[in-house]
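Subject: The structure for you to look through

Hello,

Here is the structure I said I would pass on to you. Please open it beside this message and follow along as you read.

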Amino acid sequence: MRSTATNYGSAMARIGAIIAPAIAGLQIIHPSVPYVTFSALSFVSGLLIMLLPETLKAKLFEGMEEANEFTVSNPGP
């Protein structure tokens with residue numbers, strides 16, 4: 001479970017590294033466009049992180065079977 005999340009984060013970081021020069025190139029439109037774009041993406045990211053559940057002192061799943069049972073019993077929003 002953790003390795004899947006780590007791999008997903010790594011993939012998103014690589015996509016961000018590919019897109020960042022293109023966003024920086026938007027300064028030809030207006031000098032503040034890259035700053036506004038990066039700020040807006042950071043703000044949205046912060047809001048999405050607030051939706052994650054608190055896991056302090058929570059029991060971790062021992063295997064995929066427990067994770068699947070949890071997913072079936074708690075389908076989410």
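A good place to begin is the loop between α2 (33-50) and α3 (64-73), where Lys 57 is found. Although Lys 57 is not a glycine, this residue has a positive phi of about 60°. With a relative accessible area of 83%, Lys 57 lies over the 50% cut-off and is therefore exposed. Please keep in mind, here and below, that the model is predicted.

Next come the parts named in a record. The UniProt entry, which is unreviewed, carries the annotation "transmembrane region" for residues 12-29 and for residues 35-52, and such an annotation may be inferred rather than shown by experiment. In the model, residues 12-29 are 72% helix and 0% strand, and the C-alpha atoms at the two ends of this span lie 26 Å apart. For residues 35-52 the figures are 89% helix and 0% strand, with the end C-alpha atoms 27 Å apart.

Helix α1 covers residues 2-24, and Tyr 8 is found in it. Is Tyr 8 buried or exposed? Its relative accessible area is 56%, which is over 50%, so Tyr 8 counts as exposed. Tyr 8 also helps to line the second largest pocket, together with Thr 4, Ala 5 and Gly 9. About 190 Å³ of space lies in that pocket, and its lining divides into two nonpolar residues, two polar residues and no charged ones. If you would like to relate Tyr 8 to a residue further along the chain, Leu 48 is 40 residues away in sequence, and the two C-alpha atoms are separated by 16 Å.

Ile 15 lies in helix α1 as well. Its relative accessible area is 41%, and because this value falls between 20% and 50%, Ile 15 is described as partly exposed. From Ile 15 to Glu 65 there are 50 residues in sequence, and their C-alpha atoms are 31 Å apart in space.

Two contacts between side chains remain to be described. How many salt bridges does a search of the whole structure find? The search finds one, and it joins Glu 66 to Lys 59, with the closest N and O atoms 3.3 Å apart. In general, side chains of opposite charge can pair when their charged atoms come close. The two partners fall into separate classes of accessibility, because Glu 66, at 29%, counts as partly exposed, whereas Lys 59, at 65%, is exposed.

The structure also holds one aromatic pair. This pair is formed by Phe 61 and Phe 70, whose ring centres are 5.4 Å apart and whose planes meet at 50°. Why is the pair called tilted? An angle of 50° is neither under 30 degrees, which would count as stacked, nor over 60, which would count as edge-to-face, and so the pair is tilted. Phe 61 has a relative accessibility of 37% and counts as partly exposed, and Phe 70, at 42%, counts as partly exposed too.

With best wishes

How values were computed:
Residues numbered from 1 in each chain as written. Predicted model: local features only at pLDDT ≥ 70, side-chain atom pairs only at ≥ 80, totals over all residues. Heavy atoms only, no water. Helix = DSSP H or I, 4+ residues; strand = E, 2+ residues; numbered from the N terminus. 1 Å grid on protein atoms, 1.4 Å probe; cavity = no way out; pocket = protein on both sides within 12 Å on 5 of 7 lines; lining within 4 Å. Points joined across faces, edges and corners; volume = space filled by probe spheres on them. Nonpolar A, V, L, I, M, F, W, Y, C, P; charged D, E, K, R; others polar. Buried < 20%, exposed > 50% of the residue type's maximum accessible area, 1.4 Å probe, protein only. Phe/Tyr/Trp six-rings, centres within 6.5 Å; stacked < 30°, edge-to-face > 60°. Salt bridge = Lys/Arg side-chain N within 4 Å of Asp/Glu carboxyl O.
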